[in-house]
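Student: I would like to go through this structure and ask why things are called what they are called. Can we start with the terms?

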Amino acid sequence: QGRFVAKIVQPLALDETQTGELWTVMATSMVLLLSLVWCMLPDTGAANSCKKYDLDFIVLEGDPLMALIEDDIKQNLHLVGIQVNTRFLAKEAFNKAMQQGDFSLCFTESWGPPYDPQSFATGWFRPDNEAHYPAMFQMEPPMTNKTMQELVTAVLSEENLIQRQAKWTNILQEMHRQAISNPMWSRRVPAIWNNRLGGYIPGPQQYDYPMHTFNAQSGSKTITVAPGAQTGLFETTGPMDPHSYRPNEVFISNWIYEGLVHYGDNGVILPALATKWNIVQILGGGEQYRFTLRTGVTFHDGAPFNCAAVKMNFDHVLHPPLNHNWYHGWYHLALHTLDWSCDGEVFVVNLGAAYYPFLQELSLIRPLRMLSPQSFMNGPQTDKTTQNSCPLKWNNNDGFLKPPPGFTPQVKCVGVRSLHGTGPWKFENKKHYNNDLAQGIQELHFVKNENWWGTDARGNIEKMIIKHFADSNAIRAALLDNTLDVAVGDKVLSPGQVKEFQTRRSATHGFANGPPLLNQIVVMNAAKAPTSDIKVRRLIMHSVDKAAIVAKELHGQAEVADSLFPKDAPYCDVDLTPRWDYDLEKAQLMNCQPPRDAAPKEDDNLPLILGLTLGLGIPLLLVIGGACFFIGRRKGYTDLEKQLHTDRTPPTMMGSPSPENAAA
């Protein structure tokens, strides 16, 4: 009886043939079930079922961070069928391709305060400027390039604050609708310094590094500095005059030269070489600005600062055709300014029309900063036409300033003969590697301007040595071994290195991160196929995961941007619609067709899919279970019958010894 019970409850063993039969049933059933589920699932829009586009992405070579971000963008776009072909170009080749519109995608950035939004917007229409100029040749109707230029020009003369905000909102909304600019993140300017120093306050503009605010709390009053430059790491100075642009370094101009007014925190215009001003209306709808000049100020060469010096600088910078948008007219101060003169020691400027950014643009670090009259090529008698302070490279082969259409060649650029301003630092000298100009600059030396008028804001630093480094790793090492006191500016250290000093090096180093100043942007060329199609531009914007890029590559040292300018730029705190947020599913639906001919399914098909899957899948599973049961039961009864007919051994009773124990 016990043996009988054991046989009934023992596992149902199968022979090889029956096992094979069972596996065949199970495998067939599972294949059918999985096939059914696969057919029921909505299509995910894989890249191989997407419409193909080829994009030309130009990137400035030598910038490892932007190379990483370019690769992230390339991978994002691959998921929606977009092939990115990247060209890493040297500076000259990059500028040429950008200015001529030879790209589909191009990195650029807004200019930050005090340029945003007005100066950056007027730059959209200046030839040979940044990437927006060619990219906006073709715009989505009914907007045109000409109409947008008229909108920008009109808002700059709007005196009513409410109407001015409404006009800027319209411009920003229209630029958003055009989907030419893909804002990526808002950049900040970090500063890191040895803890022997203190007192540093970040500047309110890009390249505004107020080194004069530092105090040496111990050790030498000479500090070594690695500053961020327009090309990333500091390498060169340019001619260092105050009236021209690249390759001049903005931070150097800001240390040496000053303007009539200064751009302060939150956009407040502060006195500088002018202590006060007033504005009066003049006939014809224009405005007159009257500046009371600061007294007792001298240039670095000892020459007095006075109204004659201010007028001489205006005479050279705004002498026609230098006030054309080929030159200084990229910002409209040059276009609106009619004339200027001295009324005693009051400097008077007349504008042809109301122009609200006038003071804001006077605060720019270039081109209207004051140069000593003795620094012009022929001193105070230098002629503005035949000996203009504009740089030699602006001349044509005949030695004249290249004239815009409608101008007769007459102005000759001769540059300047010395570098004397009124700012907090005097330029002392350059030191080249192995005293060889060809090997590049190793150090720049600046000394304290003992006669600077701004003593209230001054620390005790007496000398600055600006040092060149090969890369950010060398800068990090120099900070850690105390051979470098200060690293300041964007891209001096990698984002990961900045985070290291911010979070792990507070015992030895101070840290400050300035406010969001400007936005990094990917410009999409609306004048070149395939990005001439606004649907492609929108597709790109929905496909790029900006938040993931900021987290991965920038280590949280930036903020994701969703507008052309930072929200705290004047008139730019605007909610723009529709939103071009990252949405891969939406991007795939826009560009990727299902591999089958079936019409796209709505999201509410999921209950139907699950119902069909369970309704058909459960019976299949029951078939598998039934097959196992019946095959196993047949085998079990067959084995049991054989045992009952052939086994004559008396059954073992409960409590009796087993045969093995009995034999023992």
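Tutor: Start with residue classes. Ala, Val, Leu, Ile, Met, Phe, Trp, Tyr, Cys and Pro count as nonpolar; Asp, Glu, Lys and Arg count as charged; the others, Gly among them, count as polar. Keep in mind that this is a predicted model.

Student: How do those classes divide the lining of the largest cavity?

Tutor: That lining has eight nonpolar, six polar and four charged residues. In total, 18 residues line the largest cavity. Nearest its centre lie Arg188, Asp490, Pro495, Leu554 and Gln557. By the class rule, Arg188 and Asp490 are therefore charged, Pro495 and Leu554 nonpolar, and Gln557 polar.

Student: Which elements give two or more residues to that lining?

Tutor: Strand E4 (181–187) and helix H14 (495–504). The largest share, three residues, comes from E4.

Student: What makes a space count as a cavity and not a pocket?

Tutor: The way out. In a cavity a 1.4 Å probe fits but cannot get out, whereas a pocket is an open set. The search of the whole structure finds six cavities of 30 Å³ or more. The largest has a volume of about 220 Å³. The second largest has about 90 Å³.

Student: Which residues line the second largest cavity?

Tutor: Among them are Leu172, Met175, His176, Ser181, Pro183, Asp562 and Trp580. Helix H8 (161–178) and E4 each give two or more residues. H8 gives the most, with three. By class, the lining has eight nonpolar, three polar and one charged residues. Asp562 is in the list, and Asp counts as charged, so Asp562 is that charged residue.

Student: What makes E2 and E22 edge strands?

Tutor: Each pairs on one side only. The open sheet has six strands in the order E2-E1-E3-E21-E4-E22, with mixed pairing. E2 spans 82–89 and E22 spans 559–560.

Student: How do you know that E1 and E2 are paired?

Tutor: Count bridges. Pairing needs at least two bridges between the strands. Strand E1 (residues 53–60) and E2 have eight, in the parallel sense, so they count as paired. One bridge joins valine 59 to phenylalanine 88 in E2.

Student: What packs on this sheet?

Tutor: Helix H4 (residues 91–100) does, touching E1, E2 and strand E3 (105–109). The direction of H4 makes about 135° with that of E1.

Student: Why is threonine 108 called buried?

Tutor: The cut-off is under 20% relative accessible area. Threonine 108 has 10% relative accessibility, so it counts as buried. Threonine 108 is found in strand E3. Leaving aside neighbours within four places in sequence, threonine 108 is in contact with Glu130, His132, Asn519, Gln520, Ile521 and Val523.

Student: Is alanine 154 buried, exposed or partly exposed, and why?

Tutor: Partly exposed, because its relative accessible area is 36%. Buried means under 20% and exposed means over 50%, so 36% falls in between. Alanine 154 lies in helix H7 (residues 145–155). Alanine 154 and lysine 167 are 13 residues apart in sequence and 8.4 Å apart in space, C-alpha to C-alpha.

Student: How many of the chain's residues count as buried, as a percentage?

Tutor: Of the 664 residues, 49%. The chain has 19 helices and 22 strands. Among contacts with a separation of 6 or more, 72% join residues 24 or more positions apart.

Notes:
Residues numbered from 1 in each chain as written. Predicted model: local features only at pLDDT ≥ 70, side-chain atom pairs only at ≥ 80, totals over all residues. Heavy atoms only, no water. 1 Å grid on protein atoms, 1.4 Å probe; cavity = no way out; pocket = protein on both sides within 12 Å on 5 of 7 lines; lining within 4 Å. Points joined across faces, edges and corners; volume = space filled by probe spheres on them. Helix = DSSP H or I, 4+ residues; strand = E, 2+ residues; numbered from the N terminus. Contact = heavy atoms within 4.5 Å. Axes fitted to C-alpha atoms, helices over the stretch in contact; angles between N-to-C directions. Buried < 20%, exposed > 50% of the residue type's maximum accessible area, 1.4 Å probe, protein only.
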